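This report walks through one protein chain, from a single strand residue to the charged and aromatic pairs. Keep the structure in view while reading.

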Amino acid sequence: MRRRFVRLLGGILGGMIVATALLAGAIRLDQYHLRWQAERLQSEIRSLELRKSTYADARRLEARWTDESTEGVCRPSWCDLQISLQNTGSAHLEFLLNHLAVRAIYHRLDGRVAGVYSFIHIRDGLLWEKGISLGIETLSTRPDGSRVEYELEGSIGTDDHFTWVSARHPEWQVGGSNICTSCKMGWVQFTPFADPQDVLRLTDLNFACLTRWRHCTEPADLLPTAWKELPAEIAERAQNGWYGWWRCTPAAIRVVSRRTHHVDLVKVIKLELKEPVPSMTVRRLSRVPFQLENWWPEFPLGMDPSDNIHLGDKLLLFEDGCQTVPATAENMKAAELGANEGWINPAHPLKLHYSSTPLKPKIDVR
């Protein structure tokens, strides 16, 4: 009787061990499968070159990812494609959240909820925007020994509004976010006009974090090359201020001008140098082709005390980004170049208002 009991107990324990090993193996296999898919997808996204790859190239890529892709409006003039990859934990996240005991076992067997998301945007037959990101559930230990859980995310891709423009490399930027209390995030953003070599160099998203036994815990783990640029980024921002592009270089003006519908040419007609905030009154010199609500020919603007502005100076006034810059020939040329590159809508017929009478904007109804 005792021998039978021992044998039965041994069989149960052996079965549990085998079942646990099989489950752990299945979880590991699931992580490796996502990593293999993600690295393949990343390679294909990186092979598409901004402003050169075509609508047909995007369609061929979509065909290879039929089960994982979704599309909005898609035609040669305007096509938005998204490709999403998830592991089993991510696909059944709601179940795990509603069954905490199962989730605990999943974590004990090194399961990590993870997903990979990418996008491709075609405008007028050419690739104008692309990107890929990885979000992965991370378990870490604080110095006091307590466990902490958060999402680690790294993303790379084109972005339509930079938070600032670097004088060293105006076509791309690196940064992170501390806004989220339950996540750590790093990102690389670049314009469609960035050097392709810079794009390739900075976009090596590290998908090995999906399968490492020791969890990746920082954005530097996901973006190893780009994160090395961050100290120089921080130093430049500290020197010039977060909004250091108030002293916009021509290269920065060109970047900003691609995304704007309106740049005013104004003339300083009055200066108020009183404390605490100096101000000036300007008069618009440019012609406006459409009626703007609350549009005034003359209006006041705040001044930086260090601005060397005099009565009669002409300035370029942007609706976003550079704010106010001297209307030098070099700055005017940079703004024209950016406007003609037309990132709002490639080959956009709208010109900057200070230079000529604009044509009616092309509207692509989605």
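Thr-70 is found in strand β1, which covers residues 69-75. The model is a predicted one. With a relative accessible area of 47%, Thr-70 is partly exposed. Leaving aside residues up to four places away in sequence, Thr-70 touches Asp-80, Leu-81 and Gln-82. Gln-82 lies 12 residues from Thr-70 along the chain, and the two C-alpha atoms are separated by 5.3 Å.

**The chain overall**

The protein chain has 366 residues, and 44% of them are buried. Its secondary structure comes to 11 helices and 12 strands. Among contacts with a separation of 6 or more, 64% are between residues 24 or more positions apart. The chain exposes about 19900 Å². Carbon and sulfur atoms supply 58% of that area.

**Strands β8, β9 and β10**

Strand β8 spans residues 263-272 and strand β9 residues 279-284. The two run antiparallel and are joined by 6 bridges. They form a hairpin, with 6 residues between them. Glu-272 stands opposite Ser-279 in β9.

Strand β9 also pairs with strand β10, residues 298-302. Here 5 bridges join the strands, again in an antiparallel arrangement. Arg-283 has Glu-298 in β10 as its bridge partner. In a regular strand, side chains alternate between the two faces of the sheet.

Glu-272 has a second role in this account. Its side chain meets that of Lys-270 in a salt bridge, at 3.4 Å from N to O. Glu-272 counts as partly exposed because its relative accessibility is 26%. Lys-270 is also partly exposed, at 43% relative accessibility.

**Salt bridges**

Side chains of opposite charge can pair when their charged atoms come close. The structure holds 17 salt bridges. Three of them are set out below.

| Pair | Closest N to O distance |
|---|---|
| Glu-44 and Arg-64 | 3.0 Å |
| Lys-184 and Glu-218 | 2.7 Å |
| Glu-272 and Lys-270 | 3.4 Å |

Which elements does the pair of Glu-44 and Arg-64 link? Glu-44 is in helix α1, residues 2-47, and Arg-64 is in helix α2, residues 55-64. The pair links distant parts of the chain, 20 residues apart. Are its two members buried or partly exposed? Glu-44 counts as buried, because its relative accessibility is 11% and the cut-off for buried is under 20%. Arg-64, at 47% relative accessibility, counts as partly exposed. The pair is also part of a wider arrangement: Arg-40, Glu-44 and Arg-64 are linked in a network of salt bridges.

The closest N and O atoms of Lys-184 and Glu-218 are 2.7 Å apart. Lys-184 lies in strand β7, residues 183-190, while Glu-218 lies in the loop between α6 (196-202) and α7 (219-222), so the pair ties together parts that are 34 residues apart in sequence. Lys-184 is partly exposed, with a relative accessible area of 28%. Glu-218 is partly exposed too, with a value of 35%.

**Aromatic rings**

How many aromatic pairs does the structure hold? There is 1 aromatic pair. The ring centres of Trp-128 and Phe-193 are 5.8 Å apart and the ring planes stand at 75 degrees, so the pair is edge-to-face. The cut-off for that class is over 60 degrees. Trp-128 belongs to strand β4, residues 126-141, and Phe-193 to the loop between β7 and α6. The pair links distant parts of the chain, with the two positions 65 residues apart in sequence terms. Trp-128 and Phe-193 are both buried.

Charges also sit over rings. The charged end of Arg-28 sits over the ring of Trp-213, 3.9 Å from the ring centre. The charged end of Arg-40 sits over the ring of Trp-36, 5.1 Å from the ring centre. Arg-40 is thus met twice: over the ring of Trp-36, and in the salt-bridge network with Glu-44 and Arg-64.

How values were computed. Residues numbered from 1 in each chain as written. Predicted model: local features only at pLDDT ≥ 70, side-chain atom pairs only at ≥ 80, totals over all residues. Heavy atoms only, no water. Helix = DSSP H or I, 4+ residues; strand = E, 2+ residues; numbered from the N terminus. Buried < 20%, exposed > 50% of the residue type's maximum accessible area, 1.4 Å probe, protein only. Contact = heavy atoms within 4.5 Å. Areas by Shrake-Rupley, 256 points an atom, 1.4 Å probe, with all protein chains shown as cover. Salt bridge = Lys/Arg side-chain N within 4 Å of Asp/Glu carboxyl O. Pairing = 2+ DSSP bridges. Phe/Tyr/Trp six-rings, centres within 6.5 Å; stacked < 30°, edge-to-face > 60°. Lys NZ or Arg CZ within 6 Å of the ring centre and 35° of its normal.
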